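Let's take a walk through this one together, starting with the whole chain and working down to individual side chains. Have the viewer open as you read.

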Amino acid sequence: MSEKKMSSSRKHHLKSLMLSIAKGILEQEAKDSEVERQRYMAETCQPLSLPSGIQTLQELCRELHHKVDVIDEERYDLEMKVNKSAKEIEDLNIKVIDLKGKFKKPTLRKVRMSADAMLQALLGSKHKVSLDLRANLKQVKKEVKEESAEQVGDWRKNIEDKAGMDGRKKMFESEA
């Protein structure tokens with residue numbers, strides 16, 4: 001199996017031929033696309049005829065503004081539809097990941113923000129909500145346990161009372 005190698009001059013000649021053919025094809029495609037564009041513009045857009053009177057010019061401007069408004073509304077509606085669809089797709093992707101059981105925890109960033117600033121960021125500057133978290137906490141009073149003299153009394157007596165099964169029974173009865 002002997003492979004014949006081309007000489008470098010032959011390679012360069014073939015390369016230049018391919019480049020010249022490709023250049024011709026690209027130029028032809030550019031001309032064709034320009035002709036197609038001109039044909040489409042002539043077909044779709046009517047030639048602009050500017051009226052000579054001020055009244056007719058104002059009417060033309062109103063008409064154009066109305067068309068721009070209609071198109072802008074359509075663009076906004078489509079944009080909202082796309083955003084809604086993107087959100088639904090994201091939610092469905094999260095559900096799929098959850099069902100697979102391979103949930104990637106997002107990296108949490110430390111946020112230094114007070115509760116008021118957080119609520120203002122969530123609700124917007126319109127809502128003035130003040131949240132004092134410390135005011136909602138319960139006040140806990142520490143109770144001081146006073147031990148009666150009976151309990152502190154003779155510890156030997158307590159041990160003797162609790163000895164045996166009778167003592168255990170008394171102990172459970174006193175707790176209940």
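## From the whole chain to its side chains

The protein chain has an accessible surface of about 18600 Å², and carbon and sulfur atoms account for 58% of that. Keep in mind as you look around that this is a predicted model. What share of the 176 residues in the protein chain is buried? Just 1% of them. Buried here means under 20% relative accessible area.

Now for the fold. The protein chain holds six helices and zero strands, so, reading from the N terminus, the run of elements is α-α-α-α-α-α. We'll spend our time on two of these helices, α1 and α2.

Start with helix α1, which covers residues 8-44. Look for arginine 39 and you'll find a salt bridge to glutamate 36, with the closest N and O atoms 2.3 Å apart. Arginine 39 also forms a salt bridge with glutamate 43, where the closest N and O atoms are 2.8 Å apart. Put together, Glu36, Arg39 and Glu43 make up a linked network of salt bridges.

Why does the spacing along α1 suit these pairs? Arginine 39 and glutamate 36 are separated by about one helical turn because they are three residues apart in the helix. Arginine 39 and glutamate 43 are four residues apart in α1, and that again comes to about one helical turn. An α-helix has 3.6 residues a turn, so residues three or four places apart point the same way.

How open to the outside is this little network? Arginine 39 is partly exposed, at a relative accessible area of 41%, and glutamate 36 is partly exposed too, at 40%. Glutamate 43, with 58%, counts as exposed, because the cut-off for that class is over 50%.

Move on to helix α2, residues 54-100. Does its length add up, and what should you expect for its 47 residues? At 1.5 Å a residue α2 should span 69 Å, and its end C-alpha atoms lie 68 Å apart, so the two agree. After α2 comes glycine 101, with a positive phi near 90°.

Helix α2 has a salt bridge to look at as well: the side chains of arginine 75 and glutamate 79 meet at 3.0 Å, N to O. Arginine 75 and glutamate 79 sit four residues apart in α2, so about one helical turn separates them. Both partners are partly exposed: arginine 75 at 45% relative accessibility, and glutamate 79 at 36%. If you want to hunt down the rest, the structure holds seven salt bridges.

Finally, two surface patches are worth a look. Asp69, Glu73, Glu74 and Asp77 form a negative one. Among these residues, glutamate 74 lies in helix α2 and is partly exposed, with a relative accessible area of 46%. That value lets glutamate 74 qualify for a patch, because patch residues need over 30% relative accessible area.

The other patch is nonpolar, made of Leu48, Leu50 and Leu57, which together have about 330 Å² of accessible area. Leucine 57 brings us back to helix α2. Is leucine 57 buried, exposed or partly exposed? At 34% relative accessibility, leucine 57 counts as partly exposed, so leucine 57 also clears the 30% needed for a patch.

Technical notes:
Residues numbered from 1 in each chain as written. Predicted model: local features only at pLDDT ≥ 70, side-chain atom pairs only at ≥ 80, totals over all residues. Heavy atoms only, no water. Patch = residues over 30% accessible without salt bridge, like charges linked within 9 Å, V, L, I, M, F, W, Y side chains within 5 Å. Areas by Shrake-Rupley, 256 points an atom, 1.4 Å probe, with all protein chains shown as cover. Salt bridge = Lys/Arg side-chain N within 4 Å of Asp/Glu carboxyl O. Lys, Arg positive; Asp, Glu negative; His and termini not counted. Charge placed at Lys NZ, Arg CZ, Asp CG, Glu CD. Helix = DSSP H or I, 4+ residues; strand = E, 2+ residues; numbered from the N terminus. Buried < 20%, exposed > 50% of the residue type's maximum accessible area, 1.4 Å probe, protein only. Expected span 1.5 Å × (residues − 1).
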